Amino acid sequence: MPLLEIRNLHAKVAETGAEILRGVDLTVSEGEVHAIMGPNGSGKSTLSQVIAGNEAYEVTGGDILFRGKSILDAEPEERAREGLFLAFQYPVEIPGVSNTYFLKAALNAVRKHRGEEELDAVDFLALVREKTKILHLNESLLSRAVNEGFSGGEKKRNEIFQMAVLDPKLAVLDETDSGLDIDALRTVAEGVNALLSPEMGLLLITHYQRLLNYIKPQFVHVLMDGRIVRSGGPDLAEELEATGYDSIVPAVAGS
Amino acid sequence: MTAKPDLIRDEGYKWGFYDEEEALFKANKGLTPEIINTISDIKEEPQWMREFRLRALEIFRQKQDPPWGTPQLKEIDFENIHYYVKATDRDERSWEDVPDYIRDTFDKLGIPEAEKKYLAGVGAQYDSEVVYHNIREDLAKQGVIFLGTDQALKEHEDVFKEHFGTIVPPADNRYAALNSAAWSGGSFIYVPKGVKVEIPLQAYFRINAKDMGQFERTLIIADEGSQVHYVEGCTAPTYSSDSLHSAVVEIIVKKGARVRYSTIQNWSNNVYNLVTKRAVAYQDAVMEWVDGNLGSKLTMKYPSVYLMEPGAHGEILSLAFAGKGQHQDAGGKIVHAASNTTSTIVSKSLSKDGGRTSYRGLLKVYDGCEGVRSTVRCDALLLDETSRSDTYPTMEIDAPDVHIQHEAYVSKLSEDQLFYLTSRGLTEDTAAKMIVNGFVEPIVKELPMEYAVELNRLIELQMEGAIG
């Protein structure tokens, strides 16, 4: 069953009116890993933000269906509770709010929505311990304020850690590889792979092919000028790595 | 029987209830030498105090309002205020002996319960007079004195007279003069040499009467090597006409002593809160103000520390929250009058629904002081477009060898932060509260747990409906 169906999606920046997405079509089903690649400014991050419901962008046409229902009118928290997760390219610092306090509140909001019992401090801590092990995360990060003073790598790992705890049905990873050294990248990728399940969908947004050496997509899409201009299998990513995005343009013009 | 006073219904402020006034004595409105004499007669004060009051009244009449502040100050009608309202004529040591209706009020405010659970001593003031004061027996045996200020004048006149009015003289400012003339109630604390009071002493100030002025006067003396934490809280009914609260607090922190003075000010939004708080700290002494201002219509308050001898440290943590119709003009003042003294000021302010916060601070270093270090940090958070925050920092540095850091930030409730938190499943309301709690956390964490919880709760109440 498709988890995510994006149909002819158009979106612009609410403040400036600049049109970024110009008709995106994409379907991600359970158990699938998709990668969206594209040059800077192609609309990759905008797509992820629009999927998560950032009001800084206005959808001007098309639809996004999550598990068969349109989510265009849903608040970000409703999307999250339904099982959507966005790992931010630039995770936001929340000074003075401890990572665990925040995450426990978020998890319980999600659990409540699913009709599950809220976790108490003890059960939550046990869960968190288990997940930190998977991601080789230093437990000291838990008591620190959300992302405050974290290194670039720590921030990215914290995103995946949140994903591990919230257990989404579909995760969108926005340039999770950027700012990671090779060891950190491997750790993060291993963590993501460990979390994947046949029920879950994954959308990787990346500029470079590097990440895809560690998390293997079945489908690769190229986003340019707000549209998906080519789709293919894993070999498309390798082709891009070899020839660059410039080579894609004539292919579109000719199609 | 007087007509029922006009109460304003304010759903967010649950301390706005009032008791039928049953005053034993209520001075006529206005402040005259006759009224001063009457107050002094009732209190059976020594002649020197009567003269002190009358002199202060003269000063009050001559003094002008400070040049800063707001036109709101002009709205205070000094002729329409009862300067002295006495509900009971005894300062009791057992709640059983406090008149029922007053005890009920403090019960509703949770004071007797708190006393049992986590306080070393409690004072309670109702309108002009202290109605209850008690301190744990073990502390009393060690010589700690914790009394209503009037009673302290009767029982410990020598030490009282030696210090009273020396830190904040009547001529300091108009409202200090007013307090010096009309003062009644407040706390007197003396901690003997080397005695450490490990758990807090608390005083609770309640205004009940309408059109009333409360002018408590607090004097704390921490002798060498001693330690004490004093906490004060305050509330009032939400009458449609305004009340005035103008306190003076004087603190002497002797060599190697440590005093922390925490305030959770939650006056109803019809109270003018004009308070002078000052401490002097001697060699290696530490003075800390933790000043939380959530209530009142207008607060003007700048707790200050004068660092008089080497090694002294002063700290001011100021938290202000201004909602609709409120102006919190708060901050702090540190005066480095000796070498190798250090200080920190951290100010956090929140404004919402058109509320206004101002940080007003002074940092002064006298000529000849070496090795002075000071850090000042002011953060303001605006919760909507209609609210306002200003920073008025003043620095007077007359010495070359000093290390001063000053940072000031004003920010808006960030859309990025809200989106980040909501994208994890939290509602915007919860997210905003979380961001605000995080913003004030550096101050809240300095409070004992019970007060931290209370403060967070008050902030959440202020935040209700803050978003969209």
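**Exercise 1. The largest pocket**

Find out how many residues line the largest pocket and which of them lie nearest its centre.

*Solution.* Keep in mind that you're working with a predicted model.

Step 1: start with the lining. There are 23 residues around the largest pocket, and those nearest its centre are B:W68, B:D172, B:N173, B:Y302 and B:K333.

Step 2: ask which elements they come from. In chain B, β14, β17 (304-307), β19 (327-336) and β21 (356-365) each give two or more residues to this lining. The top contributor is β14(B), with five residues.

Step 3: sort the lining by class. You get eleven nonpolar, six polar and six charged residues.

Step 4: add the volume. The largest pocket holds about 540 Å³ of space.

**Exercise 2. The largest cavity**

Work out which strands and which kinds of residue surround the largest cavity.

*Solution.* Step 1: see what a search turns up. Over the whole structure, seven cavities of 30 Å³ or more are found. The largest cavity contains about 70 Å³ of space.

Step 2: look at its walls. It is lined by 14 residues, and B:E232, B:H245, B:V275, B:K277 and B:K301 are the closest to its centre.

Step 3: trace the lining back to strands. At least two residues each come from β10 (227-235), β13 (258-265) and β14 (271-281) of chain B. You've met β14(B) already, since that strand also gives residues to the lining of the largest pocket.

Step 4: count the classes. The lining of the largest cavity has six nonpolar, four polar and four charged residues.

**Exercise 3. A six-stranded sheet in chain A**

Put the six strands of the open sheet of mixed pairing in chain A in order, and say which stand at the edges.

*Solution.* Step 1: read across the sheet. The order is β6-β9-β10-β3-β11-β12, and the pairing is mixed.

Step 2: pick out the edges. β6 (84-87) and β12 (227-232) of chain A each have a single partner strand, so one side of each has no neighbour in the sheet.

Step 3: check the twist. On average, neighbouring strands here are turned by 20° against each other, direction ignored.

Step 4: follow some of the pairings. β9 (residues 170-174) of chain A runs parallel to β10(A) over five bridges, with A:D174 standing opposite A:I205. β3 (residues 33-37) of chain A is also parallel to β10(A) and joined to that strand by five bridges; here A:M37 stands opposite A:T206. β3(A) pairs in the parallel sense with β11 (residues 219-224) of chain A too, over four bridges, and A:I36 stands opposite A:H221.

Step 5: connect two of the strands. β9(A), helix α7 (residues 182-195) of chain A and β10(A) make up a right-handed β-α-β unit.

**Exercise 4. Both faces of β10(A)**

Decide whether the residues of strand β10 (residues 201-206) of chain A are buried or exposed, and say which way they point.

*Solution.* Step 1: count. Six of the six residues are buried, so to speak of this strand as mostly covered is fair.

Step 2: split them by direction. A:G201, A:L203 and A:I205 point one way, while A:L202, A:L204 and A:T206 point the other way. Both groups are buried.

**Exercise 5. A four-stranded sheet in chain A**

Name the edge strands of the open sheet of four strands in chain A.

*Solution.* Step 1: write down the order, which is β2-β1-β4-β5, with antiparallel pairing.

Step 2: look for strands that pair on one side only. These are β2 (19-29) and β5 (69-70) of chain A.

Step 3: zoom in on β5(A). Two bridges join this strand to β4 (residues 57-66) of chain A, and the two run antiparallel. The bridge partner of A:F66 is A:K69.

**Exercise 6. A hairpin and a buried isoleucine in chain B**

Describe the hairpin of β3(B) and β4(B), then decide whether B:I145 is buried or exposed.

*Solution.* Step 1: pair the strands. β3 (residues 121-126) of chain B and β4(B) are antiparallel over six bridges, and B:Q125 stands opposite B:V130.

Step 2: look at the turn. Two residues lie between the strands, and B:D127 takes a positive phi near 55°.

Step 3: check the surroundings of β4 (residues 129-135) of chain B. Six of its seven residues are buried, so the rest of the structure largely encloses this strand.

Step 4: move on to B:I145, which lies in β5 (residues 145-148) of chain B. The cut-off for buried is under 20% relative accessible area. B:I145 has 15% relative accessibility, so this residue counts as buried.

Key. Residues are numbered from 1 along each chain as its sequence is written. Chains are lettered from A and ligands numbered from 1 in the order in which they are written. This is a predicted model: local features need pLDDT of at least 70, side-chain atom pairs count only at pLDDT 80 or more; totals for chains, interfaces and linings use all residues. Side-chain values use heavy atoms; hydrogens and water are left out. On a 1 Å grid over the protein atoms alone, a cavity is a set of points where a 1.4 Å probe fits but cannot get out, and a pocket is an open set with protein on both sides within 12 Å along at least five of seven lines; lining residues have an atom within 4 Å of a point. Grid points are joined across faces, edges and corners, and a volume is the space filled by probe spheres set on the points. Ala, Val, Leu, Ile, Met, Phe, Trp, Tyr, Cys and Pro count as nonpolar, Asp, Glu, Lys and Arg as charged, and the others, Gly among them, as polar. Buried means under 20% relative accessible area, exposed over 50%, partly exposed in between (1.4 Å probe, protein chains only). Two strands pair if DSSP finds at least two bridges between them. A crossover is right-handed if, with the strands pointing away from the viewer, the path from the first strand over the helix to the second runs clockwise. Axes are lines fitted to C-alpha atoms, for helices over the stretch in contact, and angles run from 0 to 180 degrees between N-to-C directions.
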